[in-house]
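Work through the exercises below with the structure open. Each task is followed by a stepwise solution.

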Amino acid sequence: MANLIKLRKGLDLNLKGKAQNSELQTDKGSLFALCPDSFEGVVPHVLVREGDKVKAGEALMENKKFPEVKFASPVSGTVKEVRRGERRKVLAVVVEADKEQEYADYGKKDPAKMSGQEVREALLQAGLFGYINQLPYAVSTTPDTEPKGIFVSALRDMPLAGDFEVELAGNEADFQTGLTALSRIQTTYLGIGAKQTAAALTGAKDVEINIFDGKCPAGNVGVQVNHIDPVNKGEVVWTVDPSAVIFIGRLFNTGKVMLTKKIAVAGSEVSNPAYATVTIGQQISTLLNGNLKQTEHVRILNGNPLTGKRTTADGFVGAHTSEITVIPEGDDNNELLGWIMPRLKEFSTSRSYLSWLFGKKEYDIDARVKGGERHIIMSGEYDKVLPMDIYGEYLIKAIITGDIDKQEQLGIYEVSPEDFALAEFVDSSKLELQKIVRQGLNTLRKENE
């Protein structure tokens, strides 16, 4: 029987432009790219050169510190470019896709009859192991870690996030096979929402099901770990995106690496918010051409408005992206008297505006910060939206001051930057909390290596 966990803290943002459950017809284009920045903590070593021919599923790059961790090409074709930035940092390995796709064959396998080590080796061979993340540090995991548990959250409740049940439809068998494969390595926990009804979720086998009833960020896997089996110093848990679970299941069911999934194209600046079937690394312009209300004064995000990374139409769909969102930039707004006005259409958590009098409504929030950075205010704001057994404000102060001992005492090993996304949204001090948490985690990781 599933465990029910009720969360009281959090905040649901009701934004305009939610993706409707309809299929967006798009041209996939010819250029695809694997971007190392999609895999936090990985130092990439490129294995191919411009002009090389690759099959879908063959390695494009590897983790320099752990060469056995390779990353598979999403398509077959010709390597067009190894794109680099400052100090020759690898930004993307771009592949021009063939018209007819050719896949590397790793052989069909039944994970139920395999040992945990055999499952690991199969994922390493096919270039999918790097899609598994870990706590602490919220980075792509490595083969030398031994997790005490594996956590999968099928609940996406960030604003404008893609509904996993839409993506799951038609992929139920692969999802179950993926769960079975993970369960061979270690006890696997599946977190779902109280309103999710898909039989593949509520009746999933080989896993422990936990139902989370609460506001955003109940779907954050870090929040779920905190309520089920918190991470202490010296312990490791693996976290796997539900899309990656489907990829893993496909590998065992077909013997092929097929990195296609359904993502949401959403936001108030999108003309037709809907779902599109994409391949990882697909150019974002293929999803937005002719589907924007305007092409200027907009912000395109690889992800949702709270945790997504800013990109352009020439960017590529990230390995862990479940939605592409487009919201107003806000740089063309000129407001008379600014925040002093009563504002009937703006959102406020403190009810500073009169819009709360009109009941539940959808808001069109732009990308402006609406204020300047200032000293941290100890007001308890973070605690209202952070449903974890930690003192968020004190942890942020410890990270800023570089007090490693205090960070460990306050639970930094349990958190990831996305857990502070809502706290950053409501923060009166306008601090970049996700950036601060990432810096703290990177420092701790270096100290403990």
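The exercises cover a sheet, salt bridges and a surface patch.

This is a predicted model, in which local features need pLDDT of at least 70, side-chain atom pairs count only at pLDDT 80 or more, and totals for chains, interfaces and linings use all residues. Residues are numbered from 1 along each chain as its sequence is written, and side-chain values use heavy atoms, with hydrogens and water left out.

**Exercise 1. Find the strand order of the open sheet of seven strands, and its edges.**

Step 1. Apply the pairing rule: two strands pair if DSSP finds at least two bridges between them. Strands (E, at least two residues) and helices (H or I, at least four) are DSSP runs, numbered from the N terminus.

Step 2. Read off the order: β1-β13-β12-β11-β14-β9-β10, with mixed pairing.

Step 3. Find the edges. β1 (3-6) and β10 (139-140) each have a single partner strand, so one side of each lacks a neighbour in the sheet.

Step 4. Check one edge. β9 (residues 132-135) and β10 run antiparallel and are joined by two bridges. N133 stands opposite S140 in β10.

**Exercise 2. Locate the salt bridge of E23 and state what it ties together.**

Step 1. Use the criterion: a side-chain nitrogen of Lys or Arg within 4 Å of a carboxyl oxygen of Asp or Glu. The whole structure yields 18 such salt bridges.

Step 2. Pick the partner. E23 pairs with K262, with the closest N and O atoms 3.3 Å apart.

Step 3. Place both ends. E23 sits in the loop between β1 and β2 (31-34) and K262 in strand β15 (residues 260-266), so the pair ties together parts 239 residues apart in sequence.

Step 4. Grade exposure by relative accessible area: buried is under 20%, exposed over 50%, partly exposed in between (1.4 Å probe, protein chains only). E23 is partly exposed at 37%. K262 is partly exposed at 23%.

**Exercise 3. Which residues are linked with K148 in a network of salt bridges?**

Step 1. Start with E235. Its closest N–O distance to K148 is 2.7 Å.

Step 2. Place the pair. K148 is in the loop between β10 and β11, and E235 in the loop between α5 and β14, so parts 87 residues apart in sequence are tied together.

Step 3. Complete the network: K148, D229 and E235.

**Exercise 4. Where is Y391 found, and is Y391 buried or exposed?**

Step 1. Y391 lies in the loop between α8 (381-385) and α9 (392-401).

Step 2. Its relative accessible area is 55%, so Y391 is exposed.
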